[in-house]
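Please explain how the helices of this protein are arranged, and describe the surroundings of selected residues along the chain.

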Amino acid sequence: MAIEGLLSVLNPGCFAVMLLGTVIGIIFGSIPGLTSTMGVALCLPLTFSMTPLNGIAMLVALYVGGTSGGLISAILLKIPGTPSSVATTFDGAPMAAKGEAGKALGAGILYSFIGTVFSIVALIFIAPSLAKVALKFGPYEFFAICMFALTMIGSMVGDNLLRGLMSGVAGVMFSLFGIASIGGAERFTFGIRDLENGFDMLPVMIGLFAVAEILKVAADGLPVTQSTALSCKMKGFGITMKEFKEQSWNMVRSALLGIGIGILPGIGGATSNIVAYSVAKQQSKYPEKFGTGIVDGIVATETSNNASIGGALIPLLTLGIPGDTVTAMLLGALTLHGITPGPLLFKNSGKLVYGIFAAFIIATIMMLIVEYGGIKIFIKVLAVPKYILLPVILILCVVGTYGTNHSMFDVWTSLIFGVIGYFMAEHKFPQAPMILGFVLGPTIEENLIRGLMYSNNNFWTFFTSPIAAAFMIFTMCMVAWTAYSQIKRGLAKQKA
């Protein structure tokens, strides 16, 4: 059956639609404001006239290309193309500023490919087992895992723990705007109807990174000359064999994090890339170099966010539960073609499932070839004068944020958060903790309330679950260790 599935995609028609999907995904991922979710939504009607396998293969290819494509603008423009590439800006943009844009792009593309390969292996060989474990997760487990992920703020705060924590708390606070998902209470709406749905992730991200960067350049003025290297001289992907060996554990760890987080519904690549970056920084022998332009950060983020693709497909195919917004679209596509995901899918439609696996593999290879072949073209973006480039980016941001929900409120949201991001940068408040808090805030709140409802408001019941108890203990240990490290660092500076 596996061989039949592989042969079913080895035809010119399927290859053509997958190549189209990969290219569209890369374009949507690389342009700030356009995401792989939007790309899948726009291309979904095109699959109606296709065979089920060709249609799903095209959308899977778009998913792969869109997730990886975000690294292009994250590195070249310091603006993440998608939420999955937020942490790629932390070291990718400084590398580009130092004239190492080619190496940064090459490393990002290579490890995007490797992360996706890891997730394919997990999807093919251990999907049913992993899905069964994830199915056992209830509100206690989700709350504990998200609280543990929130402690990653400790590695993002830089030299000022208070500012980092304030930024994280602000992110959680902004995530609570609107009507509560449980109970229906209105919070911080101030009588504004558009605020009832809260703030969408995309406008917030575009505001904090893209609009804030444009405001910063406008305030500081443009340099007379641009010192950025515009040529791309590198061998292979710009990574030596020695560097590849040094990054092996970082790569494997980040891939496992991406797969694990991808399996958990509602979390996905937007969280996995920040968590993987934070873990890499904490485990590094030289954490002070993170954020200055080192390849370690790119390896962690790009491996993890692409590994989350296969992770998100695991609960979709085995349980019929989408892991993120894109897999929710894929669920709709499967349903439209008369396919019901779930435990019986492998038995009733085994040929289709293995065809999807084969399409996933081929789309990953296509993504590698297309992006690597385009490095010299991508890097020419740096040759465009900023007084031309930045207005174009701002227009794309406005179009992208408006196109998500066809709402001017989203446009105003991105502009408001742009001002907030500008003042945060001016006063040295880190932006990453705010993004992490904003992403995890709703999940933490919902699962805390559900857990308290189950336990009749007894919080200690959270510790009765072995998995939840383990993560809660890890969380407390991480908080204690972060506080100790910050105090120790502060005392060392005082003595110096």
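Helix α3, which spans residues 36–43, packs against helix α4, residues 52–76, at an angle of about 155°, and their axes lie 9 Å apart. This is a predicted model, and the values discussed here are computed from its atoms. Angles over 145 degrees count as roughly antiparallel, and α3 and α4 are therefore roughly antiparallel to each other. The crossing in which α3 passes α4 is right-handed. On the side of α3, the contact is made by S36, G39, V40 and C43, and these meet M58, L59, L62, Y63, G66 and T67 of α4. By residue class, the contact of α3 with α4 comprises six nonpolar and four polar residues, with no charged ones.

The surroundings of α3 can be considered next. Six of its eight residues are buried, so α3 is largely enclosed by the rest of the structure. The buried residues of α3 are S36, T37, M38, G39, V40 and C43. Among them, S36, G39, V40 and C43 are the residues that meet α4. In an α-helix, residues three or four places apart point the same way, because there are 3.6 residues a turn.

Helix α4 also packs against helix α2, residues 12–30. The axes of α2 and α4 come within 6 Å and cross at roughly 30°. Angles under 35 degrees count as roughly parallel, and α2 and α4 are therefore roughly parallel to each other. Here, too, the handedness can be stated: α2 passes α4 in a right-handed crossing. From α2, the residues involved are G13, C14, V17, M18, L20, G21, T22, I24, G25, I26, G29 and S30, while α4 contributes N54, A57, M58, A61, L62, G65, G66, G69, G70, I72 and S73. The residues of the contact of α2 with α4 divide into 11 nonpolar and 12 polar, and none is charged.

The two interfaces may be read together on α4. M58, L62 and G66 of α4 appear in the contact with α2, and M58, L62 and G66 also appear in the contact with α3.

One of the α2 residues in this packing, C14, leads to the cysteines. C14 is buried, its relative accessible area being 0%. C477, by contrast, counts as partly exposed at 48% relative accessibility. How many disulfides does the model contain? With a disulfide taken as a pair of cysteine sulfur atoms within 2.5 Å, the count comes to zero.

Beyond these helices, the wider fold holds 22 helices and two strands. Of the 496 residues in the protein, 55% are buried. Among contacts between residues at least 6 apart in sequence, 79% join residues at least 24 apart.

Two residues illustrate such pairings. F244 has its place in helix α11, residues 241–246. The C-alpha atoms of F244 and A107 are separated by 9.6 Å, although the two residues are 137 residues apart along the chain. Apart from neighbours within four places in sequence, F244 is in contact with L110, Y111, I114, I239 and M251. F244 is nevertheless partly exposed, with a relative accessible area of 28%, a value that lies between the limits of 20% for buried and 50% for exposed.

The second example is T475, which is found in helix α22, residues 466–495. T475 and F148 are 327 residues apart in sequence, yet their C-alpha atoms are 4.8 Å apart in space. When neighbours within four places in sequence are left aside, T475 is in contact with A144, M147, F148 and T151. Is T475 buried or exposed? With a relative accessible area of 9%, T475 is buried.

The loop that precedes α22 deserves a closing look. N456 is found in the loop between α21, residues 432–454, and α22, and N457 lies in the loop between these helices as well. N456 has a positive phi of about 60° although it is not a glycine. For N457, also a residue other than glycine, phi is likewise positive, near 65°. In terms of accessibility, N456 counts as exposed at 67%, and N457 is exposed with a relative accessible area of 63%.

How values were computed:
Residues are numbered from 1 along each chain as its sequence is written. This is a predicted model: local features need pLDDT of at least 70, side-chain atom pairs count only at pLDDT 80 or more; totals for chains, interfaces and linings use all residues. Side-chain values use heavy atoms; hydrogens and water are left out. Axes are lines fitted to C-alpha atoms, for helices over the stretch in contact, and angles run from 0 to 180 degrees between N-to-C directions. Helices (H or I, at least four residues) and strands (E, at least two) are DSSP runs, numbered from the N terminus. Angles under 35 degrees count as roughly parallel, over 145 as roughly antiparallel, 65 to 115 as roughly perpendicular and the rest as oblique. A crossing is left-handed if the near helix is turned anticlockwise from the far one by less than a right angle, and right-handed if clockwise. Contact means heavy atoms within 4.5 Å. Ala, Val, Leu, Ile, Met, Phe, Trp, Tyr, Cys and Pro count as nonpolar, Asp, Glu, Lys and Arg as charged, and the others, Gly among them, as polar. Buried means under 20% relative accessible area, exposed over 50%, partly exposed in between (1.4 Å probe, protein chains only).
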